Amino acid sequence: MNRPTILVTGREGQVGWELSRTLAPLGHVVALSRREVDLTNARQVRDALRTFKPALIVNPAAYTAVDKAESDLVTARAVNAIAPAVMAEEACTLGATLIHYSTDYVFDGIKAAPYLETDATNPLNAYGQTKLEGEQALTASGAHHLCLRTSWVYGARGGNFMRTIMRLAQEREELKIVADQIGAPTWSRLVAEATAQIVAQRWAQDRDGLADVSGIYHLTAAGETSWFGYASAILDGLHLLPGWENKRLATLLPIPSNEYPVPAKRSPYSVMSNQKLQETFHLTLPDWHFSLQQVLAGLVVN
């Protein structure tokens with residue numbers, strides 16, 4: 001029996017690398033890196049899809065340099081908005097389904113309770129704006145799709161907050177960490193595993209299985225914390241690892257956002273509710289503490 005082709009972008013990214021593994025039992029995975037398809041080049045994106053003719057397109061690739069996007073809007077928009085629009089167009093032509101990932105940065109953070117998919121968007125920076133444009137293009141395309149918003153993604157690979165804190169905590173005596181921005185740290189593997197479960201439930205047995213549930217869903221770890229709380233949990237977890245018990249690590253100091261100026265404005269509160277995901281796909285994601293413990297326990301410590 002011929003296995004359906006699943007095309008995954010961003011093979012070397014945090015989520016893309018995990019998706020290449022979690023989706024492998026469900027089809028023939030073609031995972032492409034930036035070297036194989038440049039998402040700033042719409043023609044390359046279109047040509048790749050027409051060459052491989054996937055039944056499922058999964059697009060975790062994104063321009064995620066939040067501060068750099070303020071001065072590099074053309075590139076950010078090409079990757080985060082134009083490329084997903086092209087994928088949606090080609091998905092319609094191929095009769096394929098598209099799974100795309102977005103971000104909590106589409107919200108402005110003025111809400112005092114977890115954001116719902118129906119809440120108004122109002123991005124505060126260029127990154128969030130371009131990701132919102134990608135969402136809007138996908139919604140308008142008519143393609144069968146899922147747009148999965150996630151937040152504060154980290155993992156054992158790639159550049160992310162957890163790995164940065166691990167490095168800096170060994171290099172410096174103290175670290176000043178923002179304590180007035182609240183979100184939900186989400187493990188890249190959790191995102192990939194939840195995606196694979198959705199695909200197995202709804203698409204693997206019926207190629208049109210996602211048609212009646214197309215739309216935007218929030219997919220994050222449960223719970224919430226500040227960047228300071230997150231950093232504190234990382235260092236607490238490290239002290240439990242073999243070889244780290246007696247290591248001297250930096251002292252963490254909580255600071256307000258205005259003491260850590262950056263080019264891109266951040267939301268003070270970007271927690272998102274997973275209720276729609278739970279009700280539609282019967283998935284309950286674990287608390288962020290649990291996932292962080294798993295990641296740290298899996299690290300190979302030299």
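A cavity is a set of grid points where a 1.4 Å probe fits but cannot get out. The legends below describe close-up views of a predicted model.

**View 1. Strand 1 and its two faces.** Strand 1 spans residues 5-8, and both of its faces are covered. On one side Thr-5 and Leu-7 are buried, and on the other side Ile-6 and Val-8 are buried too.

**View 2. Strand 1 beside strand 2.** Strand 2 covers residues 28-31 and runs parallel to strand 1, with four bridges joining the pair. Leu-7 has Val-30 of strand 2 as its bridge partner, and Val-8 stands opposite Ala-31. Between these two strands the chain passes through helix 1, residues 14-22, and the resulting β-α-β crossover is right-handed.

**View 3. Strand 1 beside strand 3.** Strand 3 is formed by residues 56-59 and is also parallel to strand 1. Three bridges hold this pairing. Here Val-8 stands opposite Val-58. Val-8 therefore appears in two views, since it faces Ala-31 in strand 2 and Val-58 in strand 3.**View 4. The largest cavity.** Searching the whole structure gives two cavities of 30 Å³ or more. The largest cavity has a volume of about 70 Å³. Its lining is made up of Asp-104, Tyr-105, Trp-152, Gln-181, Ile-182, Trp-227, Arg-266, Ser-267 and Ser-270. By class, this lining of the largest cavity holds four nonpolar, three polar and two charged residues.

**View 5. The second largest cavity.** The second largest cavity contains about 50 Å³ of space. Leu-7, Thr-9, Leu-32, Val-37, Leu-39, Val-45, Ala-48, Leu-49 and Met-87 line this cavity. Helix 2, residues 42-52, supplies the largest share of the lining, three residues. Eight of the lining residues are nonpolar and one is polar, while none is charged.

**View 6. Leu-7 between strand and cavity.** Leu-7 belongs to the lining of the second largest cavity. This residue, Leu-7, is buried on the side of strand 1 that also carries Thr-5. In strand 2, Leu-7 is paired with Val-30.

Note on methods. Residues are numbered from 1 along each chain as its sequence is written. This is a predicted model: local features need pLDDT of at least 70, side-chain atom pairs count only at pLDDT 80 or more; totals for chains, interfaces and linings use all residues. Side-chain values use heavy atoms; hydrogens and water are left out. Buried means under 20% relative accessible area, exposed over 50%, partly exposed in between (1.4 Å probe, protein chains only). Two strands pair if DSSP finds at least two bridges between them. A crossover is right-handed if, with the strands pointing away from the viewer, the path from the first strand over the helix to the second runs clockwise. On a 1 Å grid over the protein atoms alone, a cavity is a set of points where a 1.4 Å probe fits but cannot get out, and a pocket is an open set with protein on both sides within 12 Å along at least five of seven lines; lining residues have an atom within 4 Å of a point. Grid points are joined across faces, edges and corners, and a volume is the space filled by probe spheres set on the points. Ala, Val, Leu, Ile, Met, Phe, Trp, Tyr, Cys and Pro count as nonpolar, Asp, Glu, Lys and Arg as charged, and the others, Gly among them, as polar.
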